[in-house]
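Me: I've just opened this one and keep bumping into labels. Could you take me through what they rest on?

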Amino acid sequence: MAPDTQAVPAGTTGTRWPSPGRLLGSWDAVLLVALAAVVIVAAATVEGVGSPRFYRFVALEAIPIALIALPMTLVVITGEIDLSVASTVGLTCSVLGQLWHLGVTSLPLLIGLSLLLGAVLGAVNGVFVTVFGLPSLAVTIGTLALYRGLAYVVLGDRAVADYPPAWTRNAVAPVPGTVVPWFVLVLAALAVAFGVLLYATPVGRSLYAMGNNAEAATFSGVAVLRTRFWLFVATGAMAALAGVFWTFRFASARADNATGLELAVVAAVLLGGVSIFGGRGGLVGVLAAVALLVVLRNALQLANVPANTLTIVTGSLLILSVVGPNVVRATRERWRRRRPTTTVEGTPS
């Protein structure tokens with residue numbers, strides 16, 4: 001069952017790539033305008049916001065959020081959610097640090113084992129959701145606590161920070177001649193891959209169908225359970241990749257790494273226009289929301305805004321993420337209904 005393209009806002013269906021014309025008037029356009037406004041106002045009022053160093057730091061902070069938000073977008077489109085991603089990052093960091101401490105010195109091997117671990121952790125979530133039929137919200141709240149506890153079992157209160165300087169330097173090194181971290185290129189390649197999957201393949205169309213009506217999608221031949229399982233596996237693997245980046249960016253593996261990161265990821269996905277009920281959303285808005293959240297947060301920090309206020313801002317944006325897209329959709333639908341229809345001869349009916 002393909003999604004109803006007429007009922008979904010421009011730029012959010014899985015039937016074709018979002019074009020500039022389709023983005024106009026959509027929630028994605030609202031986010032892009034808001035991002036531009038925040039950048040302009042912050043650069044004019046907060047010292048240091050307009051510097052290349054600021055945007056390099058913004059990019060480094062946005063990378064782990066965006067990495068996890070890519071598969072999370074697909075998961076939420078199907079009507080599911082994964083709240084264990086930050087704990088998966090923490091457990092991956094802990095295992096990577098412990099392996100290095102035990103003498104595993106091959107970087108490719110460490111990265112490969114970390115990604116495998118993340119995929120396994122995602123598969124555990126997938127099994128509980130697809131095999132046992134448990135709600136993903138309850139399952140991933142449980143594994144959120146479980147994986148974080150296992151991280152402390154593996155590493156305790158220790159921090160492993162004696163990695164080769166070349167590893168940590170290369171993790172944050174910029175593209176030659178720019179201030180853009182080279183890992184942004186990895187993120188861009190993954191974003192294109194997820195975009196192709198979502199917008200240009202039958203799998204992408206099936207995700208919207210699952211979010212709109214999973215039972216109807218099943219009768220239409222969509223492998224709903226198998227698709228959900230592999231989405232959780234992908235989310236776990238991407239969280240593990242974020243964990244590898246996190247470890248080498250800060251040159252430290254700790255069990256409490258990325259605590260609270262799931263809030264930023266969920267806020268970005270929902271603020272990006274993905275419906276918490278499934279069936280709606282796209283990657284353009286989500287990536288714009290990641291940039292908006294990170295720029296706003298860092299600009300407020302430079303303005304010496306207290307941490308408690310930053311938490312209030314994040315919570316307010318979460319509420320806006322639920323209300324805003326619905327208001328935009330309702331407004332567009334109201335204007336569409338007000339436009340006069342035409343007959344075959346071209347005269348108003």
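Reply: Let's go through one residue, then a helix pair, then a pocket. This is a predicted model, where local features need pLDDT of at least 70 and side-chain atom pairs count only at pLDDT 80 or more, while totals for chains, interfaces and linings use all residues. Residues are numbered from 1 along each chain as its sequence is written, and side-chain values use heavy atoms, leaving out hydrogens and water.

Me: Why is Thr-92 called buried?

Reply: Its relative accessible area is 0%. Buried means under 20% (exposed is over 50%, partly exposed in between, with a 1.4 Å probe and protein chains only), so Thr-92 counts as buried.

Me: What is Thr-92 in contact with, leaving aside neighbours within four places in sequence?

Reply: Ser-114, Leu-117 and Ala-240; contact means heavy atoms within 4.5 Å. Thr-92 itself is found in helix H4, residues 85–101 (helices are DSSP runs of H or I, at least four residues, numbered from the N terminus).

Me: Which residues of H5 does H4 meet?

Reply: Leu-110, Leu-113, Ser-114, Leu-117, Gly-118 and Leu-121 in H5 meet a set in H4 that includes Thr-92. The residues of this contact are nine nonpolar, four polar and no charged. Here Ala, Val, Leu, Ile, Met, Phe, Trp, Tyr, Cys and Pro count as nonpolar, Asp, Glu, Lys and Arg as charged, and the others, Gly among them, as polar.

Me: Which residues lie nearest the centre of the largest pocket?

Reply: Glu-61, Ile-65, Leu-261, Ala-264 and Arg-297, out of 24 lining residues. On a 1 Å grid over the protein atoms alone, a pocket is an open set of points where a 1.4 Å probe fits, with protein on both sides within 12 Å along at least five of seven lines, and lining residues have an atom within 4 Å of a point. The lining has 17 nonpolar, four polar and three charged residues.

Terms used:
Helices (H or I, at least four residues) and strands (E, at least two) are DSSP runs, numbered from the N terminus.
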